[in-house]
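Biologist: Please take me through the terms applied to this structure, and give the grounds for each.

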Amino acid sequence: MSCILHIETSTQMCSVAVSEDSQVIYHDESESTVKGASAERLGSMIDEAMSFTDSHAIPFDAVAVSGGPGSYTGLRIGVSMAKGICFGRDLKLVSVPTLELLCVPVLLRNILPDDALLCPMLDARRMEVYAAVYDRALRPVRDVQADVVDSNTYRQWLDRQPLYFFGPGAAKCMELIGHPNAHLIDNIMPEARWMQPLAERRLLNGQTEDVAYYEPFYLKDFVAKMPKNLLKK
């Protein structure tokens, strides 16, 4: 098995965790009302996590970082820290998609119908969110997109089966979605402690990143691709 340092900085919450042999053995988090501000604490949080593992003589095998979408500032700080550690300690780098990460506590904490679909959401301005749709095995049903939410945005799935919405950005959409198959799971945030199963699977499958050239999936990448008529809304 492996020991992985996990770093999550995609929202106002910043968190660090360490997993060993599929168990989370260390976790710390910080939250700020100012976007990206909590990530400023990241250096000291990582130092504390690494001191913990060093004191227990636990060698790291890899660093996992939340790969976006998310806050430009937060992701940039998190990825820079992760790459620096990988260079300094000759470790592998694993990228965990942020929207997949949001699904982990939902799948672990809730009993969902067999045909349930998952729609993790990250907040954007007004009624815009960054979202994807997955089945319960985390197979993508619809890839990550920037959505301007109205009553028809997810109707093609809602008319057939239950769809669970969660993550920062989900609550504001529920009244507009207004469908009996739409269900809200509240208080779900991307946290480093939930990265372990996704990071470990990627590491086991050899899905690692080029430390020199890796860049996360910034929200600004969505904006550049959005139709101009949506940007005016």
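Modeller: In this predicted model, tyrosine 154 has a relative accessible area of 1% and is buried.

Biologist: Why is tyrosine 154 called buried?

Modeller: Buried means under 20% relative accessible area. Tyrosine 154, with 1%, therefore counts as buried, and phenylalanine 165 is buried with 0%.

Biologist: What makes the pair of tyrosine 154 and phenylalanine 165 edge-to-face?

Modeller: Planes over 60 degrees apart count as edge-to-face. The planes of these two rings stand at 65°, with the centres 5.3 Å apart, so the pair is edge-to-face. Tyrosine 154 lies in the loop between β8 and α4 and phenylalanine 165 in strand β9, so the pair ties together parts eleven residues apart in sequence. Ring pairs also link Tyr154, Trp157 and Phe165 into a cluster.

Biologist: How many aromatic pairs does the structure hold, and why is the pair of tyrosine 26 and phenylalanine 52 called tilted?

Modeller: The structure holds three aromatic pairs. The rings of tyrosine 26 and phenylalanine 52 have centres 5.2 Å apart and planes at 35°; this angle is neither under 30 degrees nor over 60, so the pair is tilted. Tyrosine 26 lies in strand β3 and phenylalanine 52 in helix α1, so the pair joins parts that are 26 residues apart in sequence.

Biologist: Why does phenylalanine 52 count as partly exposed?

Modeller: Partly exposed lies between the 20% and 50% limits. Phenylalanine 52 has 24% relative accessibility and therefore counts as partly exposed, whereas tyrosine 26, at 17%, counts as buried.

Notes:
Residues numbered from 1 in each chain as written. Predicted model: local features only at pLDDT ≥ 70, side-chain atom pairs only at ≥ 80, totals over all residues. Heavy atoms only, no water. Phe/Tyr/Trp six-rings, centres within 6.5 Å; stacked < 30°, edge-to-face > 60°. Helix = DSSP H or I, 4+ residues; strand = E, 2+ residues; numbered from the N terminus. Buried < 20%, exposed > 50% of the residue type's maximum accessible area, 1.4 Å probe, protein only.
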